[in-house]
Amino acid sequence: MRWLFILTQGPQSAHLKTALSLMRAALDAKERIDAVYLTGEAASLASGHYVLGSPEMQLEEKLYRLSVEGEFPILACGRAVRALGIPVDHLSKGMILSGYADLARALEECDEVVEL
């Protein structure tokens, strides 16, 4: 099974924790995550300057570690990044500036889509 995760909710949303749990379960089941696409408020995770209050809440770092383990890219929607005022040179490690063409390709190649 090949998964694509499209994240739209901001880091303060409980949906993001759910998405991370689903990613972990997919990797534990030896399934493949093709990509994670950050758009809307979720694109704020692409900023290297976004920090939540406590270390266990650092969702960007957890997402990055999952991407390294599962060998999948984290694609940050360029339009959403610009709309949030995030300078491109301030993207977090592992984040790839992306667009709709990359999303369309990922949608075509995956078996399942999770959008949260």
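Visitor: Okay, so helices (H or I, at least four residues) and strands (E, at least two) are DSSP runs, numbered from the N terminus. Where is the place of Lys30, then?

Guide: Lys30 is in the loop between helix 1 and strand 2. Keep in mind that this is a predicted model.

Visitor: Got it. Is Lys30 buried or exposed?

Guide: Exposed: its relative accessibility is 75%, and the cut-off for exposed is over 50%.

Visitor: And what's its phi?

Guide: Near 65°, which is a positive value in a residue other than glycine. Most residues other than glycine have a negative phi.

Visitor: Which other residue has a positive phi although it is not a glycine?

Guide: Glu71, at about 55°. Glu71 belongs to the loop between helix 2 and strand 3, and with a relative accessible area of 73% Glu71 is exposed.

Visitor: Back to helix 1. How many residues does it have?

Guide: Helix 1 has 15 residues and reaches 21 Å from its first C-alpha to its last, close to the 21 Å expected at 1.5 Å a residue. At its N-terminal end, Ser13 acts as a cap, with a side-chain oxygen 3.0 Å from the backbone nitrogen of His15.

Visitor: Which residues of helix 1 are buried?

Guide: Leu16, Ala19, Leu20, Met23, Ala26 and Leu27. Looking down the axis of helix 1, you'd find them within an arc of 125°, so they line one face. An α-helix has 3.6 residues a turn, so residues three or four places apart point the same way.

Visitor: What do those buried residues pack against?

Guide: Strand 1, strand 2 and helix 2 (59-70). On the other side of helix 1, Ala14 and Asp28 are exposed.

Visitor: New topic: the sheet. In what order do the strands come?

Guide: The order is 4-3-2-1-5, an open sheet of five strands with parallel pairing. Strand 4 (95-98) and strand 5 (112-115) each have a single partner strand, so one side of each has no neighbour in the sheet. On average, neighbouring strands are turned by 25° against each other, direction ignored.

Visitor: How many bridges join strand 1 to strand 5?

Guide: Four, and the two strands run parallel. Trp3, for one, has Glu112 in strand 5 as its bridge partner.

Visitor: Last one: which strands does helix 4 touch?

Guide: Helix 4 (residues 100-109) packs on the sheet and touches strand 1, strand 2, strand 3 (74-77), strand 4 and strand 5. Helix 1 lies across strand 1, strand 2 and strand 5, at about 170° to strand 1.

Definitions and conventions
Residues are numbered from 1 along each chain as its sequence is written. This is a predicted model: local features need pLDDT of at least 70, side-chain atom pairs count only at pLDDT 80 or more; totals for chains, interfaces and linings use all residues. Side-chain values use heavy atoms; hydrogens and water are left out. Two strands pair if DSSP finds at least two bridges between them. Axes are lines fitted to C-alpha atoms, for helices over the stretch in contact, and angles run from 0 to 180 degrees between N-to-C directions. Contact means heavy atoms within 4.5 Å. The expected span of a helix is 1.5 Å times one less than its number of residues. Buried means under 20% relative accessible area, exposed over 50%, partly exposed in between (1.4 Å probe, protein chains only). The arc is that of the directions from the helix axis to the C-beta atoms. A polar contact is a pair of N or O atoms within 3.5 Å; within protein, one must be able to donate a hydrogen and the other to accept it, and residues adjacent in sequence count only if both atoms are side-chain atoms.
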